[in-house]
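Reader: Please give me a close look at a single part of this structure, set out carefully enough that I can follow it in the viewer. I would also like to know how that part relates to the rest of the chain.

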Amino acid sequence: QVQIVESGGGLVQPGGSLRLSCAASGSIVTIYTMRWYRQAQGKQRELVATITGGGSSSYADSVKGRFTISRDNAKNSAYLQMNTLKPEDTAVYYCNAAVHASSTDSLSQYWGQGTQVTVSS
């Protein structure tokens, strides 16, 4: 099995910064694309940022220039550096990873439980 755990959420004032972490563990052979999603209360889950196994990244227009996604393949981890946070960034942030697991010998999508980010004065 594969487990995904996010951390780093919290309460921050507008204009502040947070760094989210996503750690994968378990029967991992290879982690391919990793993504951060968010879901605000009463809204649909939306894709925030993507990073491929080779390190190429892309962002939603709403966060471009403020958020940076990165990964450490040696640690099976991804990160989301969030700067110049706005109240509209308030949401539960979820990590998603495409993982080839040895336990299933197949490629599957895995999700974490989410971490709350609240931007408020």
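Author: A good place to begin is Pro87, which, once its neighbours within four places in sequence are set aside, is in contact with Pro14 and Val119. The model you have in front of you is a predicted one, and everything below should be read with that in mind. Pro87 belongs to the loop that joins S8 to S9, and this residue counts as partly exposed, because its relative accessibility of 45% falls between the 20% limit for buried and the 50% limit for exposed.

The end of the chain comes into the picture here as well. In sequence, 33 residues separate Pro87 from Ser120, yet the C-alpha atoms of the two are 5.9 Å apart in space. For Ser121, which stands 34 residues from Pro87 along the chain, the C-alpha to C-alpha separation is 8.7 Å. Ser121 itself is found in the segment that follows strand S11, residues 115-119, and it counts as exposed because its relative accessibility is 83%, a value over the 50% limit.

Following the chain from the loop of Pro87 into S9, one comes to the disulfide. What does a search of the whole structure find in the way of disulfides? It finds 1, formed by Cys22 and Cys95, whose sulfur atoms are 2.0 Å apart. The pair ties together distant parts of the chain, since Cys22 sits in strand S3 (residues 18-26) and Cys95 in strand S9 (residues 91-101), with the two positions 73 residues apart. The torsion about the S-S bond of Cys22 and Cys95 is about -70°, and the disulfide is therefore left-handed. Are these two cysteines buried or exposed? Both Cys22 and Cys95 are buried.

Cys22 leads in turn to another loop, because Asn76, with its neighbours within four places left aside, has heavy atoms within 4.5 Å of Cys22, Ala23, Ala24, Ile28 and Ile31. Asn76 is placed in the loop between strand S7 (67-72) and strand S8 (77-82). This asparagine is partly exposed, because its relative accessible area is 25%. Although Asn76 and Ile28 are 48 residues apart along the chain, their C-alpha atoms are separated by 8.8 Å. The backbone of Asn76 is worth a look too, for its phi is near 50°, a positive value in a residue other than glycine.

A positive phi turns up again at Asp105, where the angle is near 50° and the residue is, once more, not a glycine. Asp105 lies in the loop between S9 and strand S10 (106-111). With a relative accessibility of 60%, Asp105 counts as exposed.

Elsewhere in the chain, Ser58 offers a view of a residue within a strand, here strand S6, residues 57-59. Leaving aside its neighbours within four places in sequence, Ser58 makes contact with Val48, Ala49 and Thr50. At 39% relative accessibility, this serine counts as partly exposed. Its C-alpha atom is separated by 17 Å from that of Leu20, and the two residues are 38 positions apart along the chain.

It remains to place these details within the chain as a whole. The chain holds 11 strands and 0 helices, so that from the N terminus on its elements read β-β-β-β-β-β-β-β-β-β-β. The radius of gyration is 14 Å, close to the 14 Å that the globule rule gives for 121 residues, and the chain is therefore as compact as a globular protein of that length. Along the principal axes, the C-alpha atoms fill a box of roughly 45 × 25 × 25 Å. Of the 121 residues, 40% count as buried, Cys22 and Cys95 being among the buried ones.

Contacts between distant positions also appear in the overall count: among contacts with a separation of 6 or more, 55% are made by residues 24 or more positions apart. The accessible surface comes to about 6,200 Å², and carbon and sulfur atoms account for 46% of that area. As for charge, the chain has 10 positive and 7 negative side chains, and the centres of these two sets lie 3 Å apart.

How values were computed. Residues numbered from 1 in each chain as written. Predicted model: local features only at pLDDT ≥ 70, side-chain atom pairs only at ≥ 80, totals over all residues. Heavy atoms only, no water. Disulfide = S-S within 2.5 Å. Helix = DSSP H or I, 4+ residues; strand = E, 2+ residues; numbered from the N terminus. Buried < 20%, exposed > 50% of the residue type's maximum accessible area, 1.4 Å probe, protein only. Rg over C-alpha atoms; globule rule 2.2 N^0.38 Å. Areas by Shrake-Rupley, 256 points an atom, 1.4 Å probe, with all protein chains shown as cover. Lys, Arg positive; Asp, Glu negative; His and termini not counted. Charge placed at Lys NZ, Arg CZ, Asp CG, Glu CD.
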